[in-house]
Amino acid sequence: MFFTVLTIFPEMFDPFWAHGIIRKAIEEKKILTSTINIRDYARDRHQVTDDRPYGGGSGMVMKPEPLAGAIRAAAQTVPEAKTVLLTPQGQVFDQRMAQELASWDGLVLICGRYEGVDERVCRDLVDYEISIGDYVLTGGELAAMIVIDAATRLIPGVLGGDQAAEKDSFSDGLLEHAHYTRPRIFEGREVPEVLLSGHHQEIEKWRLESSLMRTLLKRSDLLQKKTLDRQEIEILKKWHHVIKSLIQ
Ligand code: 9D3
């Protein structure tokens, strides 16, 4: 997968490429990355990338020519790449989109700044528009990092063998079960006995129950969307009985 980022702040990405799983994915050539400074494609003497909006109003708009130049330069390196504009108007990013993007050969991520991007660039040179959620950022750079981060860890071979199966845990619609590590007693609080027992089937049952109840308490919206299997329904029934007896 080839990620090309178009931004007026390419230095923001230097520490992002340099750490953890992203760094390892680059070193092992699972992903290729490059940043293009949109300012380099501004032709005027002061390399201006913004201008006042036609029709008036506050704020500035990203000029079309430098952005178009940068997009075309990116397309030269990876012709089959899709172009994605990070914008508050985009489709809200989720794990499914991350999985879809992870299967592509190349992605050109365009980081908007200012109040927005000239509409003619959006219409003619952008394949997809993505938002990372309903809150206001100062630009698309952090959003681009989030999209790259989420997609990269889904590329085959990027995570270790152990973690590979874990990939599905959000996409199966439940939150992760609780985790514990040594020491067995921390500040007087013990690790659940079953996790020390070595009974793998019992441990799996406990983990499913932990996942289900955490999802119910923290993100019941996720449970609404999910189709529950027989075992999951049994666990919820058990807790339903417990709660019923408590309130009677
Ligand atoms: C006053 C109207 N604003 C829209 C809510 C203008 C505006 C504010 C902030 C336009 C762009 C931005 C910068 N944000 C992004 O570039 C951005 C973003 C975001 O703000 N939230 C969630 N996802 C994204 S992706 C890119």
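Visitor: How many disulfides does a search of the whole structure find?

Guide: This is a predicted model. The search covers the whole structure and finds 0 disulfides. Cys111 is in none; the nearest cysteine sulfur belongs to Cys122, 13 Å away.

Visitor: Why is the sulfur of Cys122 not in a bond with Cys111?

Guide: Start with the cut-off. A disulfide needs two cysteine sulfur atoms within 2.5 Å. For the sulfur of Cys122, the closest cysteine sulfur is that of Cys111, and 13 Å is too far for a bond.

Visitor: Are Cys111 and Cys122 buried or exposed?

Guide: Buried means under 20% relative accessible area. Cys111 has 0% relative accessibility, so Cys111 counts as buried. Cys122 has 9%, so Cys122 counts as buried too.

Visitor: Now the sheet. What is the strand order, and what is the pairing?

Guide: The general idea comes before the case. Strands of a sheet pair through backbone hydrogen bonds, either parallel or antiparallel. Here, 5 strands form an open sheet, with parallel pairing and the order β2-β1-β6-β5-β8.

Visitor: Which strands are at the edges?

Guide: Look for strands that pair on one side only: these are β2 (32-37) and β8 (128-131). As for twist, the average from one strand to the next is 30°.

Visitor: How many bridges join β5 to β8?

Guide: Strand β5 spans residues 82-92, and 5 bridges join it to β8; the two run parallel. Take two partners in β8. Leu85 has Glu129 as its bridge partner. Leu86 has Ile130.

Visitor: How should I picture the side chains along a strand?

Guide: In a regular strand the side chains alternate between the two faces of the sheet.

Visitor: Which strand do 5 bridges join to β5, besides β8?

Guide: That is β6, residues 106-111, which runs parallel to β5. Thr83 stands opposite Val108 in β6. Follow the chain from β5: the path goes through helix α4 (residues 95-102) to β6. This β-α-β crossover is right-handed.

Visitor: One helix to finish. How many residues does α6 have, and what is its reach?

Guide: Compare the span from end to end with the span expected at 1.5 Å a residue. Helix α6 (residues 141-152) has 12 residues. From first C-alpha to last, α6 reaches 16 Å, close to the 16 Å expected.

Visitor: How many residues of α6 are buried?

Guide: Helix α6 is mostly covered, with 9 of its 12 residues buried. Among them are Glu141, Met145, Val147, Ile148 and Thr152. Several alanines belong to the buried set too, including Ala143, Ala144, Ala150 and Ala151.

How values were computed: Residues are numbered from 1 along each chain as its sequence is written. This is a predicted model: local features need pLDDT of at least 70, side-chain atom pairs count only at pLDDT 80 or more; totals for chains, interfaces and linings use all residues. Side-chain values use heavy atoms; hydrogens and water are left out. Buried means under 20% relative accessible area, exposed over 50%, partly exposed in between (1.4 Å probe, protein chains only). Helices (H or I, at least four residues) and strands (E, at least two) are DSSP runs, numbered from the N terminus. The expected span of a helix is 1.5 Å times one less than its number of residues. Two strands pair if DSSP finds at least two bridges between them. Axes are lines fitted to C-alpha atoms, for helices over the stretch in contact, and angles run from 0 to 180 degrees between N-to-C directions. A crossover is right-handed if, with the strands pointing away from the viewer, the path from the first strand over the helix to the second runs clockwise.
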